[in-house]
Amino acid sequence: MKRTFAVAAFAALALSACSGLKDALNAHTDWVARGGSTELTVNQLATLLGKSRAPVTKPIAKSIANGWVDYQLLGVAAAHNDSLADLKVIDEVMWPAIANLKARKWYEIVSKGWGVEDTLAARRQWENGEILAADHILLLTQGMNDAQKADVKKKIDALRGRVTSANFAALARANSQDKGSAAQGGSLGIFPKGQMVSDFEKALVALKPGEISPVIATQYGYHVIRRPTYDQIRNQLFAASRGRTVQVAESTYLAKLEANGKIEVKKGAIATVKALANDPEAYRRDNTVLATSTAGKFTASRLVGWLETLPPNARVLDQIKQMPDSMVTQLVRRFANNELVLKQADSAKIQVDSADLNTLHTSFISAVRNAWGQLGVAPTSLQDSAKTESDREKLAAKRINDYFTRMVQEQAPFVPVPTPLSNILRTKYKYAFNDAGFDRAVQEAAKIRSSADSARTAGQPQTAVPLGPSAPPTAPSSTPPR
């Protein structure tokens, strides 16, 4: 892969193409990205960013450029009629997903005997009040005045006069304003002592199992509480008991694995992980060692791969940026532990099921075809319009530039490029980024945005109320902030 041109080679090319040092230096900053033989210029990126609604920042500029590179390389692959369907290559770039499947399969084997329920301990916790359970009907009074609260009290008193153990669930579904528990017939499930507000818990523990309370007031409103019997919650108790034994067994397994694995986090790991969170692409092939263990060296590139297995909505990179150093160290240990689990799986000769692999392969190939179709660069459509490979590259680049501009302006849908696909494209085809170009593009985009904002302001009708220093201050709105 050619991520960036060699420094010496690039300098030589720039100097040979320019008449002087000034021109040579300018050549370094008039582009921000290259994909194949196509450039994204400073002016193009500045215009895209400045005319969009996205924040004018360098990270956003880099995000736009990364998307542009992926699209352009998809166009190059299409022009070369490259299906990107080599299963061996797909497996290489999808190692995090495959490793995750393998480790999960091994984990299922290891944890098979963990879910033993301790029924005696569970019953003891119930009988001595360590574990409680409650059903309730709630009518809210927060934010109400005394007269409104009095009306709510009349309604809850009327409900209390009708409620029995037999109809409690039906009345809770129909009347309770705690919608979460109402859907469960008023059930709050089981919970440890001390979790509920004191007025609620005091009223609950005063009941015998199966009894219903009088109307109880808390900071939330008025409640009618029912304490379930042991037979009604025994399945929940036993499930919780199994969960506790699994949790203890899992913690013991991981702690033993870490101790025997001799994980050692390196001194510079925290700084590297923080930098990685800001620009994971820059560390995708970085071999900086974050930790060592009996599984070998755990590098920045391996961490990037493992992080890609987490769901995007977890926003792990954003969390890492805010983490204290101690938590970053824990995170490194956690993923180094993953490597130890994977080593055990390999030692046990665990293989990923062929059906799971086929699913990964199919999703990858479908992503390629879908992206080509949406971008308008499917190989057949390029071949119909251009005869030579070079002409097909130019046509693909033009179509992608047109689509990308419309997409950034929210006139066309975003076309996702999965990380494994991006990795293959960047392994097979040339691309580069120019950091100095990003700085210039952000500066120019800020000017474009400012000019556009000024134009919008100028186009607004003038108010009849004077807004200068002599104008009296506006009275605060009576509407509460949202």
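In this predicted model, 3 strands form an open sheet. Their order is E7-E8-E9, and the pairing is antiparallel. Strand E7 covers residues 264-265 and strand E9 covers residues 296-299. These two are the edge strands, and each pairs on one side only. E7 meets strand E8, residues 289-293, through 2 bridges in the antiparallel sense. Across this pairing, Glu264 stands opposite Thr292 of E8.

A helix accompanies the sheet. Helix H14, residues 300-307, lies across E8 and E9. The angle between H14 and E9 is about 65°.

Attention now turns to the empty space in the model. Such space is revealed by rolling a probe the size of a water molecule over the atoms. The second largest pocket holds about 430 Å³ of space. Its lining draws two or more residues from each of helix H6 (95-110), helix H12 (230-261) and helix H16 (325-347). In total, 14 residues line this pocket. H16 gives the largest share of the lining, with 5 residues.

Which residues lie nearest the centre of the second largest pocket? They are Asn100, Ala103, Tyr107, Arg334 and Asn338. By residue class, the lining of this pocket comprises 7 nonpolar, 4 polar and 3 charged residues.

Note on methods. Residues numbered from 1 in each chain as written. Predicted model: local features only at pLDDT ≥ 70, side-chain atom pairs only at ≥ 80, totals over all residues. Heavy atoms only, no water. 1 Å grid on protein atoms, 1.4 Å probe; cavity = no way out; pocket = protein on both sides within 12 Å on 5 of 7 lines; lining within 4 Å. Points joined across faces, edges and corners; volume = space filled by probe spheres on them. Helix = DSSP H or I, 4+ residues; strand = E, 2+ residues; numbered from the N terminus. Nonpolar A, V, L, I, M, F, W, Y, C, P; charged D, E, K, R; others polar. Pairing = 2+ DSSP bridges. Contact = heavy atoms within 4.5 Å. Axes fitted to C-alpha atoms, helices over the stretch in contact; angles between N-to-C directions.
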